[in-house]
Every structure is written in C-alpha cells, then in structure tokens.
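Q: Hey, got a minute to go through a protein structure with me? I'm new to this, so plain words please.

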Amino acid sequence: MVEQFAADYSAAEQRLKGSEDDQSSIHYPTVFLFVGDEAGQAIEPMMKSNALRWANNRGVVYCHVSTGASVSESANSDEASANLFTIPLTGLPSELVDKRTKRERLSSTFFSSRDHLILLNRTFRQINDTIGDYGRMYASFDRLHLAVITRVDDPINILMPDITLLAQSIFGTLFKSVQMDLFALIQEREQGDSFGYAAALGVSFLRELERVQRPDFTYSAPLQLTGDGLTIQVNHGPSALFDLVYLLSDRNERGMTALNGMEQNYEIICRVMLLKNRSRKDASNQFSGESYNNTSFKNSLKAESGKMGYVSAGLARVQRPAYAIALTVLYHLFDQVIVRLQAVQELDQKEKLRFFGVDHVTLAARSNSLIPGADRLEDLKGLITSGVSYEQLRGMTLLEAEHALYGNGCDTFFNKHFVEATERLIERLKVAEDIKATLARNMKENTNISLFHLFKWTDDSDGKGEVIGAVREKIRDLTRAIEHAQEELEVTSATRVENLKFQRIPFMDKRNVRSFINAFLEGVYGLRYEVLRLKAELTLYRRIAAELEHLNQWYRVRIERLHDLRAQLKTAAKQSISLGDDYIGQNVFDYYERVTSDVVLELEEKRGSSVLFEERYIGNVAELLEQEQSLFIERLIVVCRRDIFTTERFALSFEEELLERANVSVSYNNRKALPKEELFQQLYRMLEDNATINIRLFDYMHKNRYEEKYLFGDRSSEFIRYAFGMDEASRIHKLGCLNEKRSSEVEKLHLMGGFHMEDLIYFRNAKVFYVAYLHDGHKFHSIDESELSILR
C-alpha cells in the first residue's frame, strides 16, 4: 500500500494536468506495431508512458504480431484491451524446429497458409474502425503515424516488410498518407547459450533492413484479402520502406550498459513519436526555430553519395525524486504523530486515576456495593438460642459461648446471607468492560491523551506508573488492614464472656444473656463483616490491577507495532533516496522533515493542537491499530494527499525545490549557500552527460554525424532559459524545446543520425557469428543473396 502510494504520487508529479499544466497532444492518429515475441515486452511500459504524457492517449492503438508463444500482460487489462490488438500467428515454426532453417521457414510457412493473412487483414481493418471511432481526439485525419518496433534478433522480423506493407495498404484506405518509422531494438548484453545465434539473427535482419531502405526498393505481393477470399496485390516503391530507422541498443555510445537499458529505449520511442507528431496547437507555443522539422532532420542524414543514414537517440531526465519524497513525507508525518502522542500531559494523580475510573470515590462506592448492608446483621439477633443461662456462659470464651447458644446457626446464617451473597456480587463484576468503557469515553473527550500516556501510567516496571502504583499501594493497605482485622477477630473470639463489656443486672439472667448476645454479635460478627468487606474490596482492586497489567501489555504491543512501522517507513524512505542520483536526491530526508513539520504546525494553528487526532484526519490511533495497522497507514496517506501535498511548499518548480533542498542546512545569509547559477550548471551537465545516444559506433565523430537536442519542459522556466543561453555561441547542434508546463522534471532528448550499418560496433562484432553460422549450413534469408547488400 505504501509503495502504491509513493508510485501514485510519483505518477501524479509526472502527469501534466490542469489548465496551466496541460498534457501534450498528438496531431495525427498513431499506431504502434510490435513485431515479434520479444517486442511484446515494450507494450506495457510504452502504454503507461503515453498515458502519462499524451492528453489523447486513449485514441492511440497498439498492435502486437507474434508467433503466439507469448502475449503481453497488457492484453489482460480491461482498460488496455480496447486499444491493444494481438495477432498470434500460430502454426509458424517454433523453438522445436531445427534452428538452422527456422528463420527462412518462417517466411515460406507464412505464405503457404492463408490463415495468417486472413487474421492480419481482419485485425488491421478492425484497427481502422477503432481509429475512426477515436476521430474526435485528433486535430487531423489526413495522415497516420505508424511506428514499427522489433528486436533485431527476433526471427519473426523476416516478415516485417510483409506485415508492415499490408498494414500500410489497409490503413491507407482511411488516411491520405501513412508515415512509417522503424525502431529496431538491439540487445547487446550476453544472452546465455544463445548469444552467438542471437547475434547472427541480428545481422540477418540488419542486412535485410539495408535492402528495404534502399531508395530503389520495390515490393509486390498478394497480401490483401477480400471477404470472399480474393487476393489484392500490395505494391511499394521504388522508395525506402521507412521514413526513418532508429537503432536503439541497451548499451550507450560509451559502451556502458544502463540498468533497465531497454526500458529507457521504450521511453525514447514515445518521446520521438511525440516530437514528430505533436499537436500543431501545442507546437505554436514554441519559440521560432525550436520545434522539430522532420524534413530538415531527414535531409541532414544523407551522405554525399545520397545514402540515407540511420538514427539513434539518448534520453536524460532530471526530476524531483517524487517517489522518495512521498515515502519521506509519510515517514515524517508518522514521526510527527508519534511526537504528539508522547507529549507530556499535566495531570495530577487523582485526575489520572479518575481517567481510568479507579479513583478513591468511585471505587469506595463500588466496593460497598459488593457486600450486603451492615444493617442485616440485626437479623442475627432473631436466631433461636439454646436456653443456656448466663452463669453457664460467663466462664466460656466468646467462641465457646456462640456454640453453646447457637451451635452453627450464626456461622451458617452469616455465610449464606453475607459471604455467599458477596461472592455472587463479585462474580458479576465486569472490571475490564467498565475500565475500557470509561477509557473510551474519556479519550473521546480528551484527544490529547494517547496510548503512550496510558502505557506509562500503567507500567510498574520502573515504579513510575502512577495509576498502577496507586492501585498496588491500595492493595498493600487492604492486605495489612485484613491482617489486622483478623488478628483482632481472633483475640476477640478468645475473650471470656465475663471480660466482655456489657451491662449486667443481678438476678436478671435472661436479660443478661440478651445483653451479652447484643455485645457478642456487634463485637465478633461486626469484625467478621469488616473482614469480609475488606476482602471484597481487595478482590476488586486485585482485579483492577490485573486489568491494568493486561491493558499495559496491550498498549506495549501497539506501541511496539507503531515503532516497527515507523522503522519500516524510515528504512523504505532512506533506501528510496539512496537508489536515486546523489545530487538530485540530496537532503531529501532533512528538507522534508522541516517541510512536514511546518505544514503540520500551520494546520494546528488553523484547526487546533489536536487536529491530527480528529476523525476527519487520523482519528483514534489505538482504535485503528486494534482494527488493523494498515488502517492507520491509510489515514496517514489520506492526510498526506489532502493536507500536505496540496500546500504551496509542494508546488515549487523542480529547480526551486532542488535549490531549497541544497541549502536546507545553510542560513539565508550564509555565503556558502549554493548559488542558483551553479545549480543550473550542474543540472545542465547532468542532462548533457546522461543523454548519450544508445548505440556504439567505431568513429565517435564520424563525418556524417548530425545531431539535434530537445528539452522537454517549461520553456519559460529559469532553468530552460539558462540552458538555451549556455554555450550558445559555440553550439554546433540544433537545440529545441518541446514546451510543456511541468514543474516536476526536465528531460533532454538527444537525436543523432547519419551513420551507416558498417559504423556499428554491434554489426561488426555480430558479423563474425553470422558468417560462422552460414558456413555451418544455417539459412537465415528467404531471398537471394544477390538482393542483399555486400557484407563489408
């Protein structure tokens, strides 16, 4: 849940929203055609990227042509399925087929069965209908942009010209023109045991690519089918198949393999397609000469011989580390809650006891209700005596006199009407329920009292728990009082009748017996009643002590959970910060500790010091933890989204926020504070260094090299204005800007073209394996060797 929260915030920061922060729109309809099983890996990342960047992304169509061995997970999403068409060409040679002829047989098998063509024709026509349904999302229907994506080492790309031209011919029935670009992905990382064979497949495709990109390339095949099964010829040329061909490797120009290198290439494809097909309305907001011109760029790629060069690209991004910021703010809000839960409360001991409902007044009344009233001792006087005379009694002890007068009658009566009645009343005690009900009521009325205070007041491990301490002190007092009362009872019971003080009248035997009985009952049974009352009160206090111990353990567990959660959030925040760039992620933890604290203080000034614990905000932490600790985190997330991220402190532009963070520990007038120009210079260098193109060439500065670089961001921002002024006099490449009102990041797209196949280090290295496999009898092509370019 926490990771999803951080991801959502990060996505929201990237998303261009609001009237002042519009997403870019594409001008013409666009179809992404993925050819091959391996190309399917690009579908989901590209759909997500376009959903973030393109306002009319719901009108973009994705089509995946594969052998049916793998289907993109994106196809399983209901939201994505309407725009994602899958064409599994089942029945084509699989992994079980001899790989010596697998690639060649893919072509012959494809044309030998009409089922594949029927499926392709039907699906491409369905795509036409779908695009027509999205017509209102686009400014113009004159042209369709078709981006073909494939992995060079995927055998099925032997069918790429056939599939692409069939798609173009069908889409051409709806659009005046179809502009096609190819994005060929190259994986140079070792692929285990298949690396040599994969390299040979890659060279096979690149040789065929050179053929279809010749200006004299022609094609003719019966690819279109009518509903009645009639075939229609699809013709092309003479001209190059694709408008531009982009070669993108998982290794950059310096030879370094980037983490998730292919993921960056997927982003590059999306940015290139936006650059080439941006809404005219959006483009009109750009400065003169800064927009992309496809014709001008394409003309710059031609060599003196007229041969068209290939293109590669690099992408760099400097952005606010939104994911790490979200986790950090969540942690610091959690920490602020803990601090407030632990705040010292000025209550005296009586108030603390009253908070639990265990104060002296409350418990005195409660203990008195546990024993029948003392007035019922009068009933003992109505018991029948044995008729023994006073003269017989005077030499006896009080205990002996009781047996002489009543036998076991008094004892039985007392046990039945007092002892047993008290036991029944004690059994009905609901100490736990009563304390919890009192606590619940008092905590609602006193939101500043937390489980930390209740834990401290009931914790006797260090002798400082005032509530449990007072209860235990009372238990000790009661225990001593009972001992003293029992001792007094024993002494009284052993006293002789003649020594007992009561009025005696000579020659009035019966009256003297009655006077003795009154004194005896008041003395002995009055003490027995007091002992019983003290024991009942002791039982009550012991049960209260046990419940307080139970509550203390309950609070301990919840507090430990809070501290564990706090530690987990802190670890997650710190790890997220450490995974990012050290410069861009500097001082995130310390800066957002201050920001979160300031925002919470402002909230408390407006709504009161206990605002965080109101139901609209976090509520009762103990109750949330009792239900489920995820509920507590959910409430924290709600407060973050609604009350923290919406403040002005989180609306700063990327560079303003970074500058404040860089100087978080520096006073305002300190000369060591990082100057804005120095920060901009560092950001400019980072973008320049990290936008290295994703292809390796033998000659870094080959003579046909042509470059254009484009910034994606707010053209009016201070940083982008600085970037255009940097090296302006010595700049030899075109620098443009795709103006997007965005405050969370700046991107730089680096386009470089003009190189040829023989310039690729990948081609030269893989060619060795290609030749070796050819000599071993492998057949990679379905066309004659003479139609392919000479293997240089």
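**Chatting through the model**

A: Sure. Keep in mind that this is a predicted model. Let's start with one residue: Phe769 sits in helix H27, which covers residues 761-775.

Q: Is Phe769 buried, exposed or partly exposed?
A: Phe769 is partly exposed, because its relative accessible area is 30%.

Q: Which residues make a nonpolar surface patch with Phe769?
A: Phe195 and Val768 do, and together with Phe769 they make a patch of about 270 Å².

Q: OK, zooming out. How many helices and strands does the protein chain have?
A: The chain has 27 helices and 12 strands. Its radius of gyration is 44 Å, well over the 28 Å from the globule rule for 792 residues, so the chain is more spread out than a compact globule.

Q: What does the C-alpha trace span along its principal axes?
A: About 155 × 70 × 50 Å.

Q: And what percentage of the residues count as buried?
A: Of the 792 residues, 53% count as buried. As for the surface, the chain exposes about 36900 Å², and carbon and sulfur atoms supply 48% of that.

Q: What about contacts between residues that are many positions apart?
A: Take the contacts with a separation of 6 or more: 82% of them involve residues 24 or more positions apart.

Q: Cool. Changing topic: which strand runs antiparallel to S6?
A: That's S7. Strand S6 is residues 219-225, strand S7 is residues 231-236, and 6 bridges join them. In one of those pairings, Gln224 has Ile232 in S7 as its bridge partner.

Q: What happens between the two strands of that hairpin?
A: There are 5 residues between S6 and S7, and Gly229 in this hairpin takes a positive phi near 90°.

Q: Now salt bridges. Why do those side chains pair up at all?
A: Side chains of opposite charge can pair when their charged atoms come close.

Q: How many salt bridges are there in the count?
A: The count comes to 43. One of them is between Arg528 and Asp411, with the closest N and O atoms 2.9 Å apart. Arg528 is in helix H20 and Asp411 is in helix H16 (residues 409-427), so this pair ties together parts that are 117 residues apart in sequence.

Q: Is Asp411 buried, exposed or partly exposed?
A: Partly exposed, because its relative accessibility is 28%.

Q: Which salt bridge sits within a single helix?
A: Glu657 and Arg661 are an example: their side chains meet in a salt bridge at 2.8 Å, N to O. Because they are 4 residues apart in helix H24 (residues 654-662), about one helical turn separates them. Glu657 and Arg661 are both buried.

Q: What does Glu688 pair with?
A: With Lys709, in a salt bridge of 2.3 Å, N to O. Glu688 lies in helix H25 (residues 676-690) and Lys709 in strand S10 (residues 706-713), so the pair ties together parts 21 residues apart in sequence. Lys709 counts as buried because its relative accessible area is 5%.

Q: Which residues share partners in a salt-bridge network?
A: Arg53, Glu267, Arg271, Arg317, Glu740, Glu745 and Glu747 are joined into one network.

Q: Back to H20 for a sec. Where's Glu537, and what does it touch?
A: Glu537 lies in helix H20, residues 509-579. Leaving out residues up to four places away in sequence, Glu537 touches Ser367, Lys474 and Leu478.

Q: Is Glu537 buried or exposed?
A: Buried, because its relative accessibility is 8%, and the cut-off for buried is under 20%.

Q: What about the loop just before H20?
A: Lys501 lies there, in the loop between helix H19 (466-494) and H20. Lys501 is exposed because its relative accessible area is 80%. The C-alpha atoms of Lys501 and Leu751 are separated by 118 Å, and these two are 250 residues apart along the chain.

Q: Last one: where is Asn293, and which residues is it in contact with?
A: Asn293 is in the loop between helix H9 (280-283) and helix H10 (294-299). Setting aside neighbours within four places in sequence, Asn293 is in contact with Tyr710 and Lys734. Asn293 is partly exposed, with a relative accessible area of 39%. Its C-alpha atom is 9.2 Å from that of Leu275, which is 18 residues away along the chain.

Technical notes:
Residues are numbered from 1 along each chain as its sequence is written. Side-chain values use heavy atoms; hydrogens and water are left out. Patches are made of residues with over 30% relative accessible area and no salt bridge: like charges are joined within 9 Å, nonpolar side chains (Val, Leu, Ile, Met, Phe, Trp, Tyr) within 5 Å. Accessible areas come from the Shrake-Rupley method with a 1.4 Å probe; for residues, only the protein chains shown count as cover. A salt bridge is a side-chain nitrogen of Lys or Arg within 4 Å of a carboxyl oxygen of Asp or Glu. Buried means under 20% relative accessible area, exposed over 50%, partly exposed in between (1.4 Å probe, protein chains only). Contact means heavy atoms within 4.5 Å. Two strands pair if DSSP finds at least two bridges between them. The radius of gyration is taken over C-alpha atoms; the globule rule is 2.2 Å times the number of residues to the power 0.38.
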